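Here's a quick briefing for anyone opening this structure for the first time. Have a look, then read on.

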Amino acid sequence: MEEAKQLFKKLKIHSLLDLALITPASYNDTTLSSDFQLGKVGTYEATVKDVSVMGGKLRVNFILKPSGRYLSSTFFRTTPYHHKLFTVGSHHYIQGRIEEYRGYLQMSQPKSIKEIGKITPKYKTVLKESEIRALIECYINERNLYNEGLDSKEVATLMWIHFPKSIEQVYENGTFRSEIISVLKFIEAYNHLKKMKGKRIDFPALHALHGDIEPFVKSLPFQLTQEQQSVIAQIQKDLSREDKAAKRMVVGDVGSGKTMVILASAMMALPYRSILMAPTSLLALQLYEEACKHLPKEVNVSLVMQGHNHGDYREADFIIGTHALLYKEDLPDAALVMVDEQHRFGTQQRQGLEALISKGGKKRAHIVQFSATPIPRTQAMMDSALLDVSLITTTPFEKDITTQTISKPDFPALLTHIKEEIAEDHQVLIIYPLVEESSEIPYQSLEESRGFWENKFEDVYVTHGKDKEKEEVLLEFREKGKILLATTVVEVGISLPRLTLIVIVGAERLGLATLHQLRGRVGRNGLKSWCYLYSNAPANERLVQFSKTNNGFDIAKLDLKFRNSGDILDGTIQSGQKLRWLDMAEDEQIIGSAQQRLSGNEL
């Protein structure tokens, strides 16, 4: 048992199905071939007719049974063993690839087979062939596979793969049959979800939350979208439980109205306190402004940022802040903790956040995370066993953004368009790939270009990631600026209502998700907007496809296709296993079936 554990560790596998999914790379089939298939490896019965040596090579002529045809063989690498084995009149089962030359059958370096009628799987792993085979023979059996929750077809398929009765049962034209691949896809999805579920630890909640959201919803100057309402209902259901603290991730496209879901959640928490943590002062400030504008006046809202606060957080019902919150020793307990863009927090900040949620000992605060980076629906489904996932795929109003790939010859027309937008009191954003010049990148940097824009236009603002004043620059630009030159620092964050034109220089160098986030800066209030992808390779297929859709979830799916799919969860499933069979861009239905099976097994 201990030895098996060590071998599992070497293979980096954690479950029986991980082992079952290590499929043979090929099979050695010693079933006697009934006829000659030229160019294919076969096994034949033969008798040695004569033997000769020429130029150090051993030549053996066989008579094949039962056909009586001659077959000439050449051995290039010979040992005394070969000379002893192939004597005139000796009887053999030989295996090799038969070719035909001028009507004569030939086989180069045939193997003499001791045992016929056997199909041996060949595995390519870090283990010795004998070790992996011993593990498979010991653990992969019908009883164990049924115990994992597989049905009879899935169990039979895995047994055929590892213990085939005939090669046709599993192979077609040298690869697994399509129906076998479909079963492997399902088992891979089911295995992943099962392992994720095993990692989920639930705690009782500090309080069941039943705050009334009606006054807030009715006072809004617009109607919430169907998806906003549906996600709010899911959160209401989560928060109303005392036996299990909520653990939900809400993923919404750029401009999908996540802020309203955040504010509705704060209302649900009343009369208990809620906290919202954002990754930047700008985001925290924006959320605070929205909360003050839309929440009922009797809800006490405070803002905590490094250097300055608004209101007294010790008395507040709803505390909004940056990670500065984590350093407030007198921060009061909260029944609900919300986090915006958690992936942008560092490890230390995440640990501080975990400590904040765990303050109640065995009982935990409800936690709801929000993200504006759309993920493929298939990824949301795969993650759902670890935490509950909600998607907001629609926006409150249809954005009118034209996306176009441009290059050097289009620059004069671009300048004219920029002047027209500025004349309309609109703003322009130009994104550069680098702050300073680099011989590695065939595009101008921010510093090289700023002189050109500052000479041609007024109120040009400049910022980048290393700029200590970037938040102040962005705030001032929002009020007074005409053109903002920046790096991808503005990808997530500030809302710029007058921004109608963005130019992304060297667009082909950026991932589709980043391009989508940048494009999401324009057209925030429904104004007609443009996104220009400036590239030396305007025919780039990724950019062409990206230009055709404004939907972040479609783009996430496109991104998967361009990254050869299967590259989900940073390319690796949490256990260290890569997805091999599942196509994350296409196999939504299969993952849905695996989800259903898993939840059905709980009933």
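Let's begin with the lining of the largest cavity, which has five nonpolar residues, no polar ones and two charged ones. Here Ala, Val, Leu, Ile, Met, Phe, Trp, Tyr, Cys and Pro count as nonpolar, Asp, Glu, Lys and Arg as charged, and the others, Gly among them, as polar. This is a predicted model, where local features need pLDDT of at least 70 and side-chain atom pairs count only at pLDDT 80 or more, while totals for chains, interfaces and linings use all residues. Numbering runs from 1 along each chain as its sequence is written, and side-chain values use heavy atoms, with hydrogens and water left out.

**The cavity**
- Its lining is made up of Leu206, Pro332, Asp333, Ala334, Val337, Leu356 and Lys359 (lining residues have an atom within 4 Å of a point on a 1 Å grid over the protein atoms alone, where a 1.4 Å probe fits but cannot get out).

**The cores**
- The largest nonpolar core (buried Ala, Val, Leu, Ile, Met, Phe, Trp, Tyr and Cys residues joined through side-chain atoms within 4.5 Å) has 51 residues.
- Buried means under 20% relative accessible area with a 1.4 Å probe, protein chains only.
- Leu19, Leu145 and Phe176 have the most contacts inside this core.
- Helix H8 (178-199) is one of its suppliers, and H8 gives the largest share, nine residues.
- A second, separate core of 41 residues includes Ala264 and Val301.

**Helix H20**
- Helices are DSSP runs (H or I, at least four residues), numbered from the N terminus.
- Among the buried residues of H20 (residues 552-562) are Phe553, Ile555 and Leu558.

Key:
On a 1 Å grid over the protein atoms alone, a cavity is a set of points where a 1.4 Å probe fits but cannot get out, and a pocket is an open set with protein on both sides within 12 Å along at least five of seven lines; lining residues have an atom within 4 Å of a point. Buried means under 20% relative accessible area, exposed over 50%, partly exposed in between (1.4 Å probe, protein chains only). Helices (H or I, at least four residues) and strands (E, at least two) are DSSP runs, numbered from the N terminus.
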